Amino acid sequence: MSVMITCIGLLGCLFSLGFTRYVDRRTVIIIGCGACAICQLCMAIVWNVTPGSVVAGKAVVAFISLFTFFYVAYCK
């Protein structure tokens, strides 16, 4: 799982190289922080609804991957 999350972070870094020239810095930070907050909120909701289940674990890993993508792409 950690290799997958790292690769998604790399994709976020490559993605950010393409759009940071064309988008205002303030917009990038607002979108990035909002997306990171939503990912963290979704992780908390999923884990509180069905804690310890396999499905919840997979969903949490998916949201961690999305969080990593948005953090690296928008908030660095």
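Student: Let's start with W47. Which helix does W47 lie in?

Tutor: W47 lies in helix α2. Keep in mind as we go that this is a predicted model.

Student: Is W47 buried, partly exposed or exposed?

Tutor: To read this, look at the relative accessible area: under 20% is buried, over 50% is exposed, and partly exposed is in between. W47 has a relative accessible area of 38%, so W47 is partly exposed.

Student: Which residues does W47 touch, if I skip those up to four places away in sequence?

Tutor: With those set aside, W47 touches G52, A56, G57 and V60. Take V60 as an example: W47 and V60 are 13 residues apart in sequence, and their C-alpha atoms are 7.3 Å apart in space.

Student: Let me follow A56, then. Where is A56, and is it buried or exposed?

Tutor: A56 is in helix α3. Its relative accessible area is 1%, and A56 is therefore buried.

Student: What is A56 in contact with, leaving aside neighbours within four places in sequence?

Tutor: A56 is in contact with V46, W47 and T50. You can also compare positions along the chain with positions in space: A56 and I45 are 11 residues apart in sequence and 9.6 Å apart from C-alpha to C-alpha.

Student: And what about G57? Where is it, and how accessible is it?

Tutor: G57 also has its place in helix α3. At 25% relative accessibility, G57 counts as partly exposed. For a pair with another spacing, try G57 and Y22, which are 35 residues apart in sequence and 37 Å apart in space, C-alpha to C-alpha.

Student: How do I read the length of a helix such as α3?

Tutor: Count its residues, then compare its reach with the span expected at 1.5 Å a residue. Helix α3 covers residues 54-74, which is 21 residues, and reaches 30 Å from its first C-alpha to its last, close to the 30 Å expected.

Student: What does the same reading give for α2?

Tutor: α2 has 25 residues and reaches 36 Å from its first C-alpha to its last, close to the 36 Å expected.

Student: Which residues of α3 are buried, and what do they pack against?

Tutor: The buried residues of α3 are A56, V60, V61, S65, T68, A73 and Y74. They pack against α1 and α2, the latter being residues 25-49.

Student: Could we look at one of them, S65? Why does S65 count as buried?

Tutor: S65 counts as buried because its relative accessible area is 5%, and the cut-off for buried is under 20%. S65 lies in helix α3 and touches M4, I5 and I8, not counting residues up to four places away in sequence.

Student: Which residues of α2 are buried?

Tutor: The buried residues of α2 are V28, G32, A35, C36, C39 and M43. They pack against α1 and α3.

Student: I see cysteines in that list. How many disulfides are there?

Tutor: First, the general idea: a disulfide is a covalent bond between the sulfur atoms of two cysteines. To be counted, the pair of sulfur atoms must be within 2.5 Å. Here the count comes to zero disulfides.

Student: Why does C42 form no such bond?

Tutor: The closest cysteine sulfur to that of C42 is in C39, and it is 6.6 Å away, too far for a bond. C42 counts as partly exposed, at 23% relative accessibility. C33 is partly exposed as well, with a relative accessible area of 42%.

Student: Which residues form a nonpolar patch on the surface?

Tutor: The patch is made by L10, L11, L14 and L17, which together have about 420 Å² of accessible area. One of them, L10, lies in helix α1, residues 2-19.

Student: Now for the whole protein. How many helices and strands are there?

Tutor: There are three helices and zero strands, and along the sequence the pattern is α-α-α. The C-alpha trace spans about 40 × 25 × 10 Å along its principal axes.

Student: What can I say about its inside and its surface?

Tutor: Of the 76 residues, 25% count as buried. The protein exposes about 5200 Å², and carbon and sulfur atoms supply 73% of that.

Student: And how much of the contact pattern joins residues 24 or more positions apart?

Tutor: Among contacts with a separation of 6 or more, such residues account for 76%.

Methods
Residues numbered from 1 in each chain as written. Predicted model: local features only at pLDDT ≥ 70, side-chain atom pairs only at ≥ 80, totals over all residues. Heavy atoms only, no water. Patch = residues over 30% accessible without salt bridge, like charges linked within 9 Å, V, L, I, M, F, W, Y side chains within 5 Å. Areas by Shrake-Rupley, 256 points an atom, 1.4 Å probe, with all protein chains shown as cover. Salt bridge = Lys/Arg side-chain N within 4 Å of Asp/Glu carboxyl O. Helix = DSSP H or I, 4+ residues; strand = E, 2+ residues; numbered from the N terminus. Expected span 1.5 Å × (residues − 1). Buried < 20%, exposed > 50% of the residue type's maximum accessible area, 1.4 Å probe, protein only. Contact = heavy atoms within 4.5 Å.
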